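Biologist: I would love a close look at the sheet in this model. Could you take me through how its strands are ordered and paired, and what lies around them?

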Amino acid sequence: MKVKTTQPRKQRKALYNYKNHQRSKLLSTRLADFLRDQYGIKKIPLRVGDNVRVCRGEFRDFEGEVLEITKNLRCKIKECTFDKADGTQWHPAIHISNLVITKFAKEKKMDPWRANMIEKKAIYGF
C-alpha cells in the first residue's frame, strides 16, 4: 500500500493500521548468500523461529533465533540481551532491515505456505 504523505505522524499511523497481508511485505528480510544460491530468491517474510544474523548496531554479527515480531517492524532475538540493574535479562527490539535470515524455522519440514511462496518467487521473480 502506498502512502501519499511525507508527514511522520501520518506515516506512523499508516504503519500501525496496515492489515496483515500488507504488513508481510514490510516484514521481508534478506536471505544469507548460501540460502540465496540454494533457493534463488533474495527476500522472504520473517517468521518467529527463524535464525537471523544482525548486520548493524550494537549486536552486530550476533546470530540467534527470533522470539517475537512486534507491530512496528522490530523483532526480539534470543541471543541479543542486556542485563538490567536488578540482574534480569532484557531483549531489545531490533529493526528488521538490519537482519539476514541464516536458517528457516523448520529446516526438516518446511512450512507449506512458505515453500509455495519460495517456489513462486523463484519462478516468477516477485
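Modeller: Happy to; here is a walk through the sheet, from one edge to the other.

This is a predicted model, in which local features need pLDDT of at least 70 and side-chain atom pairs count only at pLDDT 80 or more, while totals for chains, interfaces and linings use all residues. Residues are numbered from 1 along each chain as its sequence is written, and side-chain values use heavy atoms, with hydrogens and water left out.

Let me start with the overall layout. Seven strands make an open sheet with mixed pairing, in the order β2-β1-β9-β3-β4-β5-β8. Its edge strands are β2 and β8, each of which pairs on one side only. On average, neighbouring strands of this sheet are turned by 55° against each other, direction ignored; axes here are lines fitted to C-alpha atoms, for helices over the stretch in contact, and angles run from 0 to 180 degrees between N-to-C directions. Strands (E, at least two residues) and helices (H or I, at least four) are DSSP runs numbered from the N terminus, and two strands count as paired if DSSP finds at least two bridges between them.

Now to the β2 edge. Strand β1 (residues 28-31) runs antiparallel to β2 (residues 43-45), and three bridges join them. Here T29 has I44 of β2 as its bridge partner. With β9 (residues 99-103), β1 pairs in the parallel sense over two bridges, and L31 is matched with I101 of β9. Helix α4 (residues 112-124) lies across β2 and β9, running at about 155° to β2.

T29 in β1 deserves a pause. This residue is buried, with a relative accessible area of 1%; buried means under 20% relative accessible area, exposed over 50%, and partly exposed in between, with a 1.4 Å probe and protein chains only. Leaving aside neighbours within four places in sequence, T29 is in contact (heavy atoms within 4.5 Å) with K42, K43, I44, L46, I96, L99, V100 and I101. The T29 side chain also reaches the backbone oxygen of L27 at 3.3 Å.

Further along the order comes the pair β3 and β4. Strands β3 (residues 51-54) and β4 (residues 63-69) run antiparallel and are joined by three bridges, with R53 standing opposite E63 of β4.

On its other side, β4 is joined by three bridges to β5 (residues 74-77), again antiparallel. The bridge partners include V66 with I77 and I69 with C75. These two strands form a hairpin with four residues between them, and L73 in the turn has a positive phi of about 60°.

In a regular strand, side chains alternate between the two faces of the sheet. Strand β5 shows this alternation: C75 and I77 point to one face and are buried, whereas R74 and K76 point to the other and are not.

That brings us to the β8 edge. Three bridges join β5 to β8 (residues 93-95) in an antiparallel arrangement. Within this pair, C75 is matched with I94 and R74 with H95.

Terms used. A polar contact is a pair of N or O atoms within 3.5 Å; within protein, one must be able to donate a hydrogen and the other to accept it, and residues adjacent in sequence count only if both atoms are side-chain atoms.
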